[in-house]
Amino acid sequence: MNKEDILIVCALEMETQGQLDDYNVIYTGVGKVNAAYKLTRHLVTFGCPKQVINFGTAGSRALPIGELVKCTKFVQRDMDKTALGFRKGETAFEDDVPMIIEFGDGLICGTGDNFVQDIMKEMPMINVFDMEAYALAKVCYQYRLPFVSYKYITDNADEKSAKDWESNLADGVQEFKKIL
């Protein structure tokens with residue numbers, strides 16, 4: 001596949017340090033709403049690529065800081081309609097999208113609009129925690145586009161996660177470029 005066939009989606013330019021300028025890259029901003037809006041707007045305006053690749057940062061308790069991992073399964077970890085009888089992570093009254101969106105074999109990324117600071121409050125099947133991948137996966141699922149996410153582990157999803165993220169966020173782009 002050629003560079004022109006791939007759309008790389010990142011939340012923030014500071015995560016890439018300008019090192020992906022020779023690729024087709026869009027920056028969405030932080031969070032699920034921004035990610036879904038910016039990717040959808042891009043697809044409607046410019047058409048669909050052959051592959052969407054998300055690169056970004058994430059936290060994990062199971063994986064070491066400094067590791068780049070491939071995620072192919074995505075869940076909305078802060079969706080909680082359990083009071084209505086739904087499972088945590090399941091979007092209420094939505095039948096056409098599975099609770100866990102899958103694009104092959106890989107790790108499970110749990111997306112939410114907050115830094116994880118207490119792992120005990122999270123779904124146990126999640127390997128990495130981010131703020132955009134589920135929204136991007138859902139857009140790609142709806143548009144029937146191939147999707148994969150590469151996450152650079154910046155923190156241990158604990159009380160120091162915000163500080164550790166700031167210290168490590170620029171380190172992953174070199175590892176990501178190796179897989180491109």
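Okay, let's start in the middle of a sheet: valine 75 stands opposite glycine 110 in β6. Before I go on, keep in mind that this is a predicted model.

So what joins up around that spot? Strand β4, residues 68-76, is joined to β6 by five bridges, and the two run parallel. On to the next neighbour: β6 and β7 also run parallel, with three bridges between them. If you want a residue pair to click on there, take cysteine 109, whose bridge partner in β7 is valine 128. And is β6 mostly covered or mostly open? Mostly covered. Strand β6 spans residues 107-111, and four of those five residues are buried.

Now, β7 comes back when we look at salt bridges. As a bit of background, side chains of opposite charge can pair when their charged atoms come close. Searching the whole structure turns up seven salt bridges. One of them is between lysine 151 and aspartate 130, with the closest N and O atoms 3.0 Å apart. That pair ties together distant parts of the chain, since lysine 151 sits in strand β8 and aspartate 130 in strand β7, 21 residues apart. Both lysine 151 and aspartate 130 are buried, too.

Another one to look at is lysine 138 with glutamate 94, where the closest N and O atoms are 2.6 Å apart. Here the partners are 44 residues apart: lysine 138 is in helix α2, residues 133-143, and glutamate 94 is in the loop between β4 and β5. Arginine 87 and glutamate 90 make a salt bridge as well, at 3.6 Å between the closest N and O atoms.

Next, the pocket. The largest one has a volume of about 270 Å³. Which elements give two or more residues to its lining? Those are β3, β7, β8 and α3. Strand β3 has the largest share, with four residues. In total 21 residues line the pocket, and nearest its centre you'll find Thr57, Phe115, Asp130, Met131 and Trp165. So Asp130, our salt-bridge partner of lysine 151, turns up again among the residues nearest the pocket centre. As for character, the lining divides into ten nonpolar, five polar and six charged residues.

Last stop, the cysteines. How many disulfides does a search of the whole structure find? Zero. Cysteine 48 has the sulfur of cysteine 140 as its nearest cysteine sulfur, but that is 8.5 Å away, and a disulfide needs the two sulfurs within 2.5 Å. Cysteine 48 is partly exposed, at 45% relative accessible area, while cysteine 140 is buried, at 0%.

Conventions:
Residues numbered from 1 in each chain as written. Predicted model: local features only at pLDDT ≥ 70, side-chain atom pairs only at ≥ 80, totals over all residues. Heavy atoms only, no water. Buried < 20%, exposed > 50% of the residue type's maximum accessible area, 1.4 Å probe, protein only. 1 Å grid on protein atoms, 1.4 Å probe; cavity = no way out; pocket = protein on both sides within 12 Å on 5 of 7 lines; lining within 4 Å. Points joined across faces, edges and corners; volume = space filled by probe spheres on them. Nonpolar A, V, L, I, M, F, W, Y, C, P; charged D, E, K, R; others polar. Pairing = 2+ DSSP bridges. Salt bridge = Lys/Arg side-chain N within 4 Å of Asp/Glu carboxyl O.
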